[in-house]
Amino acid sequence: MTAIHPQPRPHSRIRWRTPITMVILLGILAGGGWWGWKSLINSSAEPTCVEQKLANNRLVPKQVVLNVYNGGARAGSAQRVADALKQRGFNIGKISNEPKGNKVDVAELRGVAANSPELALVAGQLNQKAVLVPDGRTDHTVDLVIGAGFGSVRLKGIPSVQVAAGTTVCLPVIHTPQPVPSGQNPN
């Protein structure tokens, strides 16, 4: 007769490969998340505005970036107002419906502060008094939200706004589109 040797139990071996792989993958995921968060917080993005002294201590329309939003006016009103203000020299950023879907009665101007020169310059272009909403934005752009009661811009708006002598104003960085070299794909 042959002797029967005791066989090892099949579940007595612990398989460590799967838990070790999971710990390594979780470490990589956590490291990637930490790196992404640090990259977002410590972004080396270019500044959104540049401190400048104004020539003759006057702010003119070509130094203001203006977004025009429709907040309850008839369709196409934002485009019409943006075109009129662009002809006066304003740099038009966005033309769209109000991003949050809010409705306004007449007009609303949003900017860094209620007493900022860029808001005063845009307000001087309007026939109606606009509600000023300071939101502390860092890029010094101006949002004009027009509502159902908005009529039109003035025939002749104010050409510039006086600022105190020797003060600096943070002007938005205006990007001009660069032509695509021939033979290159713009996308």
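This is a short tour of a predicted model, stop by stop.

**The whole chain**

Start with the full protein chain in view. It holds 187 residues, and 30% of them are buried. Colour by secondary structure. Three helices and nine strands appear. Follow them from the N terminus, and the order reads α-β-β-β-α-β-β-α-β-β-β-β. Now show the surface. The accessible area of the protein chain is about 13200 Å², and carbon and sulfur atoms account for 58% of that.

Contacts come next. Take those in the protein chain with a separation of 6 or more: 81% of them join residues 24 or more positions apart.

**Confidence**

Switch to colouring by pLDDT. The mean for the protein chain is 84, and 84% of its residues reach 70 or more. Which element has the highest mean pLDDT, and which the lowest? Strand E7 is at the top with 94, while strand E9, residues 168–172, is at the bottom with 77.

**Residues 20–37**

Select residues 20–37. An unreviewed UniProt entry places the feature "transmembrane region" here. In the model this stretch is 100% helix and 0% strand. Its end C-alpha atoms lie 26 Å apart.

**The largest nonpolar core**

Next, find the largest nonpolar core, a set of 27 residues. Select Leu66, Val81, Leu109 and Leu144, the members that touch the most other members. Then trace where the core comes from. Strands E3 (65–70), E5 (107–111), E7 and E9 each give two or more residues, as do helices H2 (77–87) and H3 (117–123). H2 provides the largest share, four residues.

Stay with Leu66 and show its surroundings. Beyond its neighbours within four places in sequence, Leu66 is in contact with Leu85, Phe90, Asn91, Ile92, Gly93, Lys94, Val122, Val142 and Leu144.

**Asp143 in strand E7**

Move to strand E7, residues 142–146, and pick Asp143. Is Asp143 buried or exposed? Its relative accessibility is 8%, so Asp143 counts as buried. The cut-off for buried is under 20%.

Show side chains here. Two polar contacts are worth displaying. One joins the side chains of Asp143 and Asn67 at 2.9 Å. Another links the side chain of Asp143 to that of Arg137, also at 2.9 Å. Widen the selection to everything Asp143 touches, leaving out residues up to four places away in sequence. Asn67 and Arg137 are in that set, together with Tyr69, Glu108, Leu109 and Arg110. Leu109 is also among the core residues named at the earlier stop.

**Two positive phi angles**

The last stops concern the backbone. Most residues other than glycine have a negative phi. Which way does the phi of Asn57 go, positive or negative? Asn57 has a positive phi, about 55 degrees, and it is not a glycine. Look for Asn57 in the loop between strand E1 (49–53) and strand E2 (58–59). Its relative accessible area is 21%, so Asn57 is partly exposed.

Now select His140. This residue, again not a glycine, has a positive phi of about 60 degrees. His140 sits in the loop between strand E6 (131–134) and E7. How does its burial come out? With a relative accessible area of 17%, His140 is buried. The two residues fall on either side of the cut-off, because buried means under 20%: Asn57 has 21%, and His140 has 17%.

Notes: Residues are numbered from 1 along each chain as its sequence is written. This is a predicted model: local features need pLDDT of at least 70, side-chain atom pairs count only at pLDDT 80 or more; totals for chains, interfaces and linings use all residues. Side-chain values use heavy atoms; hydrogens and water are left out. Buried means under 20% relative accessible area, exposed over 50%, partly exposed in between (1.4 Å probe, protein chains only). A polar contact is a pair of N or O atoms within 3.5 Å; within protein, one must be able to donate a hydrogen and the other to accept it, and residues adjacent in sequence count only if both atoms are side-chain atoms. Contact means heavy atoms within 4.5 Å. pLDDT is the predictor's confidence in each residue, from 0 to 100. A nonpolar core is a set of buried Ala, Val, Leu, Ile, Met, Phe, Trp, Tyr and Cys residues joined through side-chain atoms within 4.5 Å. Accessible areas come from the Shrake-Rupley method with a 1.4 Å probe; for residues, only the protein chains shown count as cover. UniProt positions are given in the numbering used here, feature names are shortened, and annotations may be inferred rather than shown by experiment.
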